[in-house]
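Me: Please take me through one part of this structure slowly, starting from a single pair of rings. I am new to it, so please explain each term where it comes up, and then widen the view to the surroundings.

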Amino acid sequence: MSDDSASSSLRLDRSVAKQLFFGDIFEENLFPYPTIGVRDRELLGPILDAIDDFLKPQHAAFRQWDERAEQPEEFIQGLRDMGLFSLIIPEEFGGLALSNAAYSRILGQTSSHESSVSLTIGAHSSIGMKGLLLWGNDAQKARYLPRLASGELIAAFCLTEAGAGSDAASIRTHAKRQDDGSWLLNGEKIWITNGGIAGFYTVFARTDTEAGKLSAFLVEASWPGVAHGPHEDKMGIRSSNTATVSFTDVRVPAENLLGEEGHGFKVAMSILNSGRTGLGGGSVGAMKSLIHLATEQAHARHQFGRPIAEFGLVREKLAQMTVDCFAAESTVFMVAHYIDSGCEDYSLEAAISKVFASDAIQRCAHEALQIAAGNGFMKDYPYERITRDSRILSIFEGTNEILRLYIALSGLKDVGASLNELKHAVNSIFNDPIKGFGVLSGYAQRRFSQSTGIGADRVRRELAPRLAVLAKVYEKYATELARIGDEALRQHGRAIADQQFVLKRVGDLAIDLFVGLCVLARVDALVRQDDPQADAAQHIAEVFTAQARRRMSRCVRGMQRNEDAGLEVLAATVLKDERYPWDVI
Ligand SMILES: Cc1cc2nc3c(=O)[nH]c(=O)nc-3n(C[C@H](O)[C@H](O)[C@H](O)COP(=O)(O)OP(=O)(O)OC[C@H]3O[C@@H](n4cnc5c(N)ncnc54)[C@H](O)[C@@H]3O)c2cc1C
């Protein structure tokens with residue numbers, strides 16, 4: 001997805017989502033919507049066909065493997081033979097060197113057949129060995145990447161522990177430096193995807209030095225002291241291997257420290273950030289498959305003498321699934337483009353794409369099952385499996401609650417910094433009047449725009465009339481985001497971090513804004529290309545924007561008028577005795 005013309009105009013030092021918190025719509029990084037690069041397109045065609053040829057005949061087997069919670073070794077060998085463990089590894093190490101966009105598209109294709117397949121490939125590439133790609137030195141890459149590319153070594157990412165889930169910084173696994181420079185690693189990681197089949201682990205351990213608390217290590221499964229537990233019995237993605245991995249007095253050579261000592265948290269977060277489009281791409285692929293299944297079902301099933309496809313309430317579901325899928329796809333591939341183009345800061349956009357796509361596929365699975373109704377509830381049909389499989393997506397790689405808070409807080413951080421700058425400017429105005437007044441006048445201008453709407457950021461790109469109307473909605477709510485963020489910071493100061501109801505509104509508003517702008521940019525591109533589906537795509541943009549406007553308006557209103565106090569009382573009530581305290585008798 002690295003169209004040269006699109007990437008050349010990108011400002012690599014700007015984050016569109018962060019700019020939104022200042023009321024700015026940073027068009028240079030939104031328009032024109034990127035197109036897939038020539039090399040990627042040429043490679044993707046045959047790979048997608050090969051995936052279909054390999055996975056289609058396995059559909060009956062997937063159901064059995066889901067029941068038995070297994071993924072047979074011969075099947076994994078088939079994935080190796082197709083090169084599916086080598087997708088993002090550079091060619092010099094035997095990989096296909098695909099872009100993030102192409103990689104996400106491939107996970108979409110595998111997910112359209114079976115999510116557990118995407119998990120096996122995705123945990124390997126998106127998180128298991130991503131640290132080596134991002135932070136590894138030449139020697140580490142030369143030692144491991146060829147075997148990772150061939151799939152001889154499958155990779156896994158070992159961060160979570162029994163006492164450390166969302167609070168990843170609180171891990172207890174520790175590594176103690178030995179006199180010879182090696183490390184002695186002890187601890188246990190839980191729920192590790194590929195944990196029982198991996199030969200290569202990226203492990204995070206506490207090293208507690210002045211440099212920082214956590215460090216990352218490359219650990220081989222064959223080393224003495226490394227062991228794994230049985231495959232977990234799960235609700236969904238049952239054939240994807242999930243296991244506990246333990247480390248007992250494991251000697252890790254000095255050269256297997258990944259990145260710098262004490263920088264483990266940064267390594268972990270960078271891996272998760274750059275891996276999120278894989279999960280988003282998988283969600284999009286599964287949604288496309290659900291739309292196919294649901295439309296087929298809507299035609300095939302007759303009630304009241306007509307196919308149920310003719311009923312408004314069924315059509316409404318199909319349309320909503322289409323809007324959700326298009327919006328998620330537009331966002332995921334925009335973010336993949338940022339990563340592929342070398343943008344320095346895409347963490348907020350990546351978090352938005354993960355939250356939106358994982359919520360969207362769950363809505364989609366729910367509605368597709370509802371269209372199939374009784375059939376949907378039966379194991380003979382794939383709906384219930386897809387519903388179970390998609391549930392994990394809002395739990396792992398950062399829960400959607402944590403990511404919503406992250407989106408709000410990291411967006412507000414820069415706004416807070418600018419407010420601090422303002423404070424300093426006021427203090428230093430007498431020492432350095434020119435600099436001080438410069439900051440002040442920028443701030444005054446922003447406040448004036450927020451309160452009056454005059455001078456607020458406008459989308460300057462010339463859009464088709466139907467899209468130009470929609471752009472105004474995003475202009476308005478970008479200004480609103482800046483305003484409510486500013487007010488929240490003034491009201492709560494540092495305590496904003498504990499104001500989760502407030503942060504959720506700010507985060508949700510930012511999500512709808514960024515996703516909506518991605519939709520707008522993509523539909524603009526389709527209109528310009530005279531795409532045969534451009535008219536339908538404009539309807540998507542209109543429906544999404546109208547729905548987003550209602551949600552965004554609720555977020556803004558909720559800053560002043562809300563039920564937060566009542567909700568706090570009710571939560572305290574049930575928490576007090578850990579039960580619902582009423583009964584009708
Ligand atoms: C199938 C599966 C595969 C996995 N694969 C891997 C893997 O390969 N590698 C790996 O390292 N981990 C993996 N995990 C772990 C996964 O990343 C964690 O489950 C996830 O980070 C959440 O941690 P937790 O389950 O302990 O939930 P908790 O952190 O205990 O959270 C419980 C609830 O509280 C909420 N919550 C927590 N803190 C806050 C807060 N500050 N504010 C508001 N709400 C909060 C959460 O959103 C959640 O709803 C996997 C998990 C599963 C189930």
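**A pair of rings and its surroundings**

Reply: Tyrosine 144 and phenylalanine 200 are both buried, where buried means under 20% relative accessible area, exposed means over 50%, and partly exposed lies in between, with a 1.4 Å probe and protein chains only. The model is a predicted one, in which local features need pLDDT of at least 70 and side-chain atom pairs count only at pLDDT 80 or more, while totals for chains, interfaces and linings use all residues. Residues are numbered from 1 along each chain as its sequence is written, and side-chain values use heavy atoms, with hydrogens and water left out.

A pair of aromatic rings is described by the distance of the centres and the angle of the planes. The structure holds 13 aromatic pairs, counted when the ring centres of Phe, Tyr or Trp (its six-membered ring) lie within 6.5 Å, with planes under 30 degrees apart called stacked, those over 60 edge-to-face and the rest tilted. Tyrosine 144 and phenylalanine 200 form one of these pairs, with 5.0 Å between the centres and 65° between the planes, which is an edge-to-face arrangement. The two rings come from distant parts of the chain, tyrosine 144 from helix H9 (residues 138-150) and phenylalanine 200 from strand S4 (residues 200-209), 56 residues apart; helices (H or I, at least four residues) and strands (E, at least two) are DSSP runs, numbered from the N terminus.

Just before helix H9, asparagine 137 sits in the loop that follows helix H8 (130-135), and it counts as partly exposed because its relative accessibility is 40%. The C-alpha atom of asparagine 137 is 14 Å from that of proline 253, although the two are 116 residues apart in sequence. Leucine 145, which follows tyrosine 144 in number, has its C-alpha atom 9.4 Å from that of glutamate 92, 53 residues away along the chain. Glutamate 92 belongs to the loop between helix H5 (73-81) and helix H6 (100-111), and it is exposed because its relative accessible area is 68%.

Other rings also deserve a look. Phe54, Phe62, Trp65 and Phe75 are linked into a cluster by ring pairs. In two further places an arginine lies over a ring face, a term used if NZ of Lys or CZ of Arg is within 6 Å of the ring centre and within 35 degrees of the ring normal. Arginine 522 lies over phenylalanine 326 at 4.2 Å from the ring centre, and arginine 551 lies over phenylalanine 544 at 5.6 Å.

The ligand is the next place to visit. The shell around the ligand has 19 residues, and Phe157, Thr160, Ser166, Thr399 and Glu401 come nearest; a residue is near if one of its heavy atoms lies within 4 Å. By class, this shell has 10 nonpolar, 6 polar and 3 charged residues, where Ala, Val, Leu, Ile, Met, Phe, Trp, Tyr, Cys and Pro are nonpolar, Asp, Glu, Lys and Arg are charged, and the others, Gly among them, are polar. Strand S3 (183-193) and helix H14 (400-428) each supply at least two residues of the shell. In the side chain of threonine 160, an N or O atom is 2.7 Å from a nitrogen atom of the ligand, where a polar contact is a pair of N or O atoms within 3.5 Å. Serine 166 has a polar side-chain atom 2.6 Å from an oxygen atom of the ligand, and an N or O atom in the side chain of glutamate 401 is 2.8 Å from an oxygen atom of the ligand. Of the 970 Å² of accessible area that the ligand has on its own, the protein covers 67%, with areas taken from the Shrake-Rupley method and a 1.4 Å probe.

Some features of the backbone complete the picture. Phenylalanine 31 and proline 32 are joined by a cis peptide bond with omega of about -10°, and proline 32 lies in the loop between helix H2 (16-20) and helix H3 (38-55). Aspartate 530, not a glycine, has a positive phi of about 55°; this residue lies in the loop between helix H17 (500-528) and helix H18 (534-558), and it counts as exposed because its relative accessibility is 65%. Glutamate 578 likewise has a positive phi, near 55°, in the segment after helix H19 (564-577).

Notes: A polar contact is a pair of N or O atoms within 3.5 Å; within protein, one must be able to donate a hydrogen and the other to accept it, and residues adjacent in sequence count only if both atoms are side-chain atoms.
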